Amino acid sequence: MRILLLDKNHPLITEQLLAKNFILEEDFYSTYEEVLKKIELYDGIIIRSRIPLDQNFLEKAKNLKFIARVGAGMENIHIPTAEKLGIQLINSPEGNRDSVAEHVIGMLLIIMHRLNIASNEVKNGIWLREENRGDELLGKTIGLIGYGNMGKATAKRLSGFGCKVIFYDILPNLSDEHAQQVSLEELKEKAEIISLHIPLTSDTHYLINDEFINEMKNDFYFVNTARGKNVRTKSLVEALKIGKVKGACLDVLEYEQSSFENLDTSTSLNKGENEDLQYLLNSEKVILTPHIAGWTHQSKEKLAQFIVDKILASFC
Ligand SMILES: O=C(O)[C@H](O)COP(=O)(O)O
């Protein structure tokens, strides 16, 4: 099989597939149009998120048998077309679920115990104790939205902190020893912290909006390690301003965009003229990280190994 690799990944992918006699071609620099011209030559394609595999692209990929997405999110693939054409879709959320889960816990502890604020103050010669009283995770009801790989890994860790973990998912009967499945209404009624673990689809675009926030009974902390466009930033900023959202931990932003210039990041931040983004950048109630929740040294290797194993299981 002839396979095109469009993004940089852990070298074990090439090493292990070459050892199984796959023919590989790395192309990290071509544009969408350049790849389009030659895509019919390949049986498989291995990607992250640099190039959008839209309907037009997939229809030109006459010989494509699989698309392997090294990672979880598949919003850059036009899934209905891939399914219609019988192209197998493979991803590897098992590889970065632990990294994401630890990142969620890390961000929550930072915001709830005011670690970022207090540390900055001490470094600037300010010693305030009463103002820096924090909130404990122990005993809090946490509502996870989405209970796939990331949601489950997060629930497992949160239950160890003595939290009550509830979750909403479109698939039924997913409750386990770490978390209890509830309706979205019950989640909005009970949760004191919300964390998103859903893909970006037309149904989940702007899921967190004015209506969702207004329907939350409690003031709440909010964590997003899923996709920026799951949240209408304007609604989040308004809620932060009035205190309905007590703190926000955001690893992804609505203003994030694909970056062709920097292969190592593959996305960048479109700052533009944007008051809401300025608020997030300047607010003490907000922690921001550059889409690195699933981005550890260990997850890089695990993401690659899960993808290779799945390709070999289907095509070897
Ligand atoms: O979907 C994922 O697995 C993560 O968000 C990482 O995505 P990336 O491969 O675009 O960095």
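# A tour of the five-stranded sheet and its surroundings

Start in β4: select Phe66, the bridge partner there of Gly44. This is a predicted model, where local features need pLDDT of at least 70, side-chain atom pairs count only at pLDDT 80 or more, and totals for chains, interfaces and linings use all residues. Residues are numbered from 1 along each chain as its sequence is written, and side-chain values use heavy atoms, with hydrogens and water left out.

**Stop 1: the strands**

Select residues 44-47 and 66-69. These are β3 and β4, which pair in the parallel sense over four bridges. Strands here are DSSP runs of E, at least two residues; helices are runs of H or I, at least four residues; both are numbered from the N terminus. Two strands pair if DSSP finds at least two bridges between them.

Stay on Phe66 and add Gln88, its bridge partner in β5. β4 and β5 also run parallel, over four bridges.

Now show the whole sheet. It is open, has five strands in the order β2-β1-β3-β4-β5, and its pairing is parallel. Its edges are β2 (23-26) and β5 (88-91), each paired on one side only. From one strand to the next, the twist averages 20°.

**Stop 2: the faces of β4**

Which residues of β4 are buried on its two sides? Phe66 and Ala68 are buried on one side, Ile67 and Arg69 on the other. Buried means under 20% relative accessible area, exposed over 50%, and partly exposed in between (1.4 Å probe, protein chains only).

Next, trace the connections. From β3 the chain passes through helix α3 (residues 55-60) to β4, a right-handed β-α-β crossover. A crossover is right-handed if, with the strands pointing away from the viewer, the path from the first strand over the helix to the second runs clockwise. Helix α4 (residues 79-84) joins β4 and β5 in a right-handed β-α-β unit.

**Stop 3: two helices on the sheet**

Select residues 12-19. This is α1, lying across β1 (2-5), β2 and β3, at about 155° to β2. Add 297-315 for α12, which lies across β3, β4 and β5, at about 150° to β5. Axes are lines fitted to C-alpha atoms, for helices over the stretch in contact, and angles run from 0 to 180 degrees between N-to-C directions.

The axes of α1 and α12 come within 9 Å and cross at roughly 25°. That makes α1 roughly parallel to α12 (angles under 35 degrees).

Show side chains: Leu12, Ile13, Gln16 and Leu17 of α1 meet Glu301, Ala304, Gln305, Val308, Ile311 and Leu312 of α12. Contact means heavy atoms within 4.5 Å.

**Stop 4: two buried residues**

Go to Asn230, in the loop between β10 (220-224) and α10 (233-242). Asn230 is buried, at 0% relative accessible area. Beyond neighbours within four places in sequence, its contacts include Leu196, Pro199, His205 and Tyr206.

Finish at Thr154 in helix α7 (residues 149-160). Thr154 counts as buried, with 0% relative accessibility. Setting aside neighbours within four places in sequence, Thr154 touches Ala101, Val104, Leu144 and His197.

How values were computed. Parallel < 35°, antiparallel > 145°, perpendicular 65-115°, else oblique.
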